[in-house]
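User: I'd like to learn how to read a structure like this one. Could you take me through a few features, one at a time?

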Amino acid sequence: MREFKFENRTAVITGAASGIGLELAKRAAHENMNLVLADIEESKLQDAIAQIEINPNRVTSIKIDVSLEEDIKKLADLAFKQFGGVHLLCNNAGVGMNRTTWDHSHADWQWVLGVNLFSVTHAIRHFVPRMLNQAESSHIVNTASVAGLLSTSGMSAYNASKHGVVTISETLYHELQSLNSLIGISVLCPAWVTTGIHTSHRNRPDRFGTHASPPEGLSSSYEDRMGKAVHSGRLSAKDMALAVFEAVKENQFYVIPHRKINHAIELRMKDVLELRNPTPLE
Ligand SMILES: NC(=O)c1ccc[n+]([C@@H]2O[C@H](COP(=O)([O-])OP(=O)(O)OC[C@H]3O[C@@H](n4cnc5c(N)ncnc54)[C@H](O)[C@@H]3O)[C@@H](O)[C@H]2O)c1
């Protein structure tokens, strides 16, 4: 079995200023790793770092927009230069939005796919070749969502981005396996967790249009539902981080901490296999 060591190795985490990313950073510090933390919200990232128990020489941070390839390259350059290697790469930054599919503007699609999906493709392009050259084991964790395994209404761009993250992760898994590489990979698929995800518009870069127009009708009810659902999360961001670190240790690919969602995943798979029309989600 592959041996993976956390101690004195280096973790790179995007979206580290809040929610799941911050808990991943705290857990990595607890495991005695060096930290390279990235987020688009710079002051919040500095506040987050102040909450992490770590020797300041062992943490560095950078403000980036993960949807930009040049920013992800900067992140990779910083991590390899500062700590000489990357052993845990958590592609975690993400944004959500709720609208009917026909109320998503092209700019909405570009924003959500840029942050949630292209961040991952940029990171694979700029980290994996360098990680392949490392002598030590390393691991990539892509934060998808159960939205990457289901098709909940009102979340078309989000669903497409997360289905994309799941399939890209599976594809990369097969490719790394065929090389017998020392890089493991996991895909984190949480259901609802109480974080800042329902206020993602706070981080919408101007180039995607400052804000989407206020939702009306069905779109508005989808947005309300998301706010309530995020606050109803039964598992915490800390639970997600614990599940991720356990999965990295065990080299486990699928990380689905909310086990109650299994019935919905199974129903969707059965719909496909039995050629049934999609069963509505509860
Ligand atoms: N909270 C949930 O219910 C839930 C469920 C499933 C999956 N997820 C996923 O978990 C991940 C983390 O989200 P969270 O729930 O902790 O939300 P969050 O809003 O608390 O944290 C997301 C972080 O990403 C950062 N970010 C946003 N846009 C960015 C950009 N362009 N460049 C760099 N950083 C950016 C934000 O500033 C924030 O710090 C996301 O990928 C999200 O899709 C969350």
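Analyst: Sure. Let's start with a definition: helices here are DSSP runs of H or I with at least four residues, numbered from the N terminus. With that in hand, Lys238 can be placed in helix 7 (residues 237-250). Keep in mind that this is a predicted model.

User: Is Lys238 buried, exposed or partly exposed, and how do I tell?

Analyst: You count neighbours: 20 or more other C-beta atoms within 10 Å makes a residue buried, 12 or fewer makes it exposed, and anything in between is partly exposed. Lys238 has 15, so it is partly exposed. Sequence distance is another thing to check: Lys238 and Gly21 sit 217 residues apart in the chain, yet their C-alpha atoms are 9.5 Å apart in space.

User: What about a whole helix: how many residues of helix 8 are buried?

Analyst: Zero of the twelve, so helix 8 lies largely in the open. Helix 8 covers residues 262-273 and spans 16 Å from its first C-alpha to its last, close to the 16 Å expected at 1.5 Å a residue.

User: And what does the backbone do just after helix 8?

Analyst: Look at phi there. Leu275, in the segment after helix 8, has a phi near 55 degrees, a positive value in a residue other than glycine. Leu275 is exposed, with 6 other C-beta atoms within 10 Å. Asn251 also has a positive phi, near 55 degrees; you'll find Asn251 in the loop between helix 7 and strand 7 (254-255). Asn251 is partly exposed, with 15 other C-beta atoms within 10 Å.

User: How do I describe two helices that pack together?

Analyst: Two packed helices are described by the angle between their axes and the distance between the axes. Here, helix 3 (residues 69-83) and helix 4 (residues 106-132) have axes that come within 9 Å and cross at roughly 35 degrees. Their crossing is right-handed.

User: Which residues of helix 3 and helix 4 meet?

Analyst: From helix 3, Glu69, Ile72, Lys73, Ala76 and Phe80; from helix 4, Ser119, His122, Ala123, His126, Phe127 and Arg130. That contact divides into five nonpolar, three polar and three charged residues. For the spacing, remember that an α-helix has 3.6 residues a turn, so residues three or four places apart point the same way.

User: Last one: what surrounds the ligand?

Analyst: There are 33 residues around the ligand, and Gly15, Gly19, Gly94, Thr195 and Gly196 come nearest. The shell splits into 14 nonpolar, 16 polar and three charged residues. Helix 1 (residues 19-30) gives the most to the shell, with three residues.

Notes: Residues numbered from 1 in each chain as written. Predicted model: local features only at pLDDT ≥ 70, side-chain atom pairs only at ≥ 80, totals over all residues. Near = placed C-beta within 6 Å. Helix = DSSP H or I, 4+ residues; strand = E, 2+ residues; numbered from the N terminus. Nonpolar A, V, L, I, M, F, W, Y, C, P; charged D, E, K, R; others polar. Axes fitted to C-alpha atoms, helices over the stretch in contact; angles between N-to-C directions. Left-handed = near helix turned anticlockwise from the far one by under 90°. Contact = placed C-beta atoms within 7 Å. Expected span 1.5 Å × (residues − 1).
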